[in-house]
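Student: Before accepting the labels placed on a fold, I would like to see how each one is justified. Could we go through them in turn?

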Amino acid sequence: MATAEITVDTMDAARAAILAWRVDPDTAPACPLCGTAGLAVSDHSARPHTEWYRLVCRACGLDQMLAVPLGAAVPGAEG
Ligand SMILES: [Zn+2]
């Protein structure tokens with residue numbers, strides 16, 4: 001892989017890293033791609049039903065914005 005990029009195969013790991021960061025923002029989670037601790041996560045949320053997070057890893061060059069739909073995580077909350 002020439003470009004560090006989160007795909008459908010690594011999305012679960014990326015979401016897990018974001019969740020871990022939300023629970024404990026003082027501890028940088030491991031990179032979902034290369035596993036190196038020190039992943040930088042920043043909240044860029046701007047829309048009411050979707051949160052945007054930027055994941056940056058200096059070890060493998062990952063620098064990507066990810067959209068995390070909140071509705072999917074709350075069953076029965078649609079509408
Ligand atoms: Zn990495």
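**Testing the labels against the values**

Tutor: The face of α1 turned away from its buried side carries D12 and V23, which are exposed; please keep in mind throughout that this is a predicted model.

Student: How do you know that the span of helix α1 agrees with its number of residues?

Tutor: At 1.5 Å a residue, the 13 residues of α1, from 11 to 23, should span 18 Å, and because the C-alpha atoms at its ends are 18 Å apart, the two values agree.

Student: Which residues of α1 are called buried, and what makes a residue buried?

Tutor: The buried residues of α1 are A14, A17, I18 and W21; the term requires 20 or more other C-beta atoms within 10 Å of the residue's own. They cover an arc of only 100° around the axis, and therefore lie on the same side of α1. In general, an α-helix has 3.6 residues a turn, so residues three or four places apart point the same way.

Student: What covers those buried residues?

Tutor: The cover includes β1 (40–43), β2 (50–56) and β3 (63–69).

Student: Why are β1 and β3 said to stand at the edges of the sheet?

Tutor: The 3 strands form an open sheet in the order β1-β2-β3, with antiparallel pairing. β1 and β3 each have a single partner strand, so one side of each is left without a neighbour in the sheet, and they are therefore its edges.

Student: What makes β2 and β3 a pair?

Tutor: Pairing requires at least two bridges, and β2 and β3 are joined in the antiparallel sense over 7 bridges; the criterion is therefore met. E51 stands opposite V68 in β3. Helix α1 packs on this sheet, touching β1, β2 and β3, and its direction makes about 80° with that of β3.

Technical notes
Residues are numbered from 1 along each chain as its sequence is written. This is a predicted model: local features need pLDDT of at least 70, side-chain atom pairs count only at pLDDT 80 or more; totals for chains, interfaces and linings use all residues. Helices (H or I, at least four residues) and strands (E, at least two) are DSSP runs, numbered from the N terminus. The expected span of a helix is 1.5 Å times one less than its number of residues. A residue is buried if 20 or more other C-beta atoms lie within 10 Å of its own, exposed if 12 or fewer, and partly exposed in between; C-beta atoms are placed from the backbone. The arc is that of the directions from the helix axis to the C-beta atoms. Two residues are in contact if their C-beta atoms, placed from the backbone, lie within 7 Å. Axes are lines fitted to C-alpha atoms, for helices over the stretch in contact, and angles run from 0 to 180 degrees between N-to-C directions.
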